Amino acid sequence: MSGTNINIRKGPSTDQEVVAIGQQDDVVSVIKNINSEWTSIRTKDGTEGFIAAQFLQSGDQKATVKPARTAEVKTAKVYGTNINVRKGPSTEQDVVGIAQQDEVLTYVKKVDNEWSEIRMGDGTNGFIATRFLSLDGKPSLASVEAEKLAQSQAEDAKRIAEEAAASEKALAEATKKRRIKKLKHQFRKKLLPRILMNQVQLLSLTKQDILKPIMRS
């Protein structure tokens, strides 16, 4: 038979164990209506269980299993490595799974501003911090924050590099000035007195002193 598999459970709750699977157009015997949501039934092979009333077409003693309405499945992509999937919407809850970067999860529902319920690929249901999920093609809050942080770090690195270059240039100029000052000091202290002494000695020479070597020759 065609149709979507319908769970027949041990009790009137989705938490109860599945005891059989009903198919579209299966005929089952109605034992009693439990409430507006659940009905106690018996399958053709005699298995008794509980089925969601929405999947039954009404009848007195017999009912036909209706196909389940196909719900739109929402997915969410994970941003980040080794993201904890927890048993409940709290960091104090046990970890039931680990989600990895770009892993696609089934998005069940939003719990609050911080947590979302998801289903992992192995069927495990759990709760994950919404900030690590990318929903409806929109970037996750964590990825936006990471991008802002990366941009801020790049700007800081550029500023630090510019400041370092400016400091290095200033240091080089200061070193150059110190060298020039040192050379000037050495010139005044050592070379200039020698030059002046030589000039004095030259000025003290008489004409005869200059001509003596020439006359001797």
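**Exercise 1. A bridge in a helix**

In this predicted model, E163 has a relative accessible area of 43% and is partly exposed. Find the residue whose side chain meets E163 in a salt bridge, and give the N to O distance. Then place the pair in its helix.

*Solution.*
- Step 1: The partner is R159, at 3.4 Å from N to O.
- Step 2: R159 is also partly exposed, with a relative accessible area of 39%, as E163 is at 43%.
- Step 3: Both residues sit in helix α1, which covers residues 141-204.
- Step 4: They are 4 residues apart, so about one helical turn separates them.

**Exercise 2. The remaining salt bridges**

How many salt bridges are counted in the model? Assign burial to the residues of the R42 bridge and the K109 bridge.

*Solution.*
- Step 1: The count is 3.
- Step 2: R42 pairs with E48, and their closest N and O atoms are 2.8 Å apart.
- Step 3: R42 is partly exposed at 33% relative accessible area. E48 is partly exposed at 47%.
- Step 4: K109 pairs with E117, with the closest N and O atoms 4.0 Å apart.
- Step 5: K109 is partly exposed at 45%. E117 has 14% relative accessibility, so E117 counts as buried; the cut-off is under 20%.

**Exercise 3. T43 in its loop**

Is T43 buried or exposed? Locate T43 in the chain and list its contacts beyond four places in sequence.

*Solution.*
- Step 1: T43 lies in the loop that runs between β4 (38-42) and β5 (48-52).
- Step 2: Its relative accessibility is 15%, so T43 counts as buried.
- Step 3: The T43 side chain makes a polar contact of 2.3 Å with the side chain of D45.
- Step 4: With neighbours within four places set aside, T43 touches I8 and V28.
- Step 5: I8 and V28 belong to a core of 9 residues, which also includes A20 and F55.

**Exercise 4. The largest nonpolar core**

Which residues form the largest nonpolar core, and which elements give it two or more residues? Trace the contacts of V85.

*Solution.*
- Step 1: The core has 11 members: A76, V78, I83, V85, A99, L105, Y107, I118, M120, I128 and L133.
- Step 2: Two or more residues come from each of β8 (74-78), β9 (83-86) and β11 (104-110).
- Step 3: Outside its neighbours within four places, V85 contacts D94, V95, V96, G97, A99, I118, M120, G126, F127 and I128.
- Step 4: Compare the two lists: A99, I118, M120 and I128 are among the V85 contacts and also among the core members.
- Step 5: The core of 9 residues that includes I8 and V28 lies apart from this one.

Conventions: Residues are numbered from 1 along each chain as its sequence is written. This is a predicted model: local features need pLDDT of at least 70, side-chain atom pairs count only at pLDDT 80 or more; totals for chains, interfaces and linings use all residues. Side-chain values use heavy atoms; hydrogens and water are left out. A nonpolar core is a set of buried Ala, Val, Leu, Ile, Met, Phe, Trp, Tyr and Cys residues joined through side-chain atoms within 4.5 Å. Buried means under 20% relative accessible area, exposed over 50%, partly exposed in between (1.4 Å probe, protein chains only). Contact means heavy atoms within 4.5 Å. A polar contact is a pair of N or O atoms within 3.5 Å; within protein, one must be able to donate a hydrogen and the other to accept it, and residues adjacent in sequence count only if both atoms are side-chain atoms.
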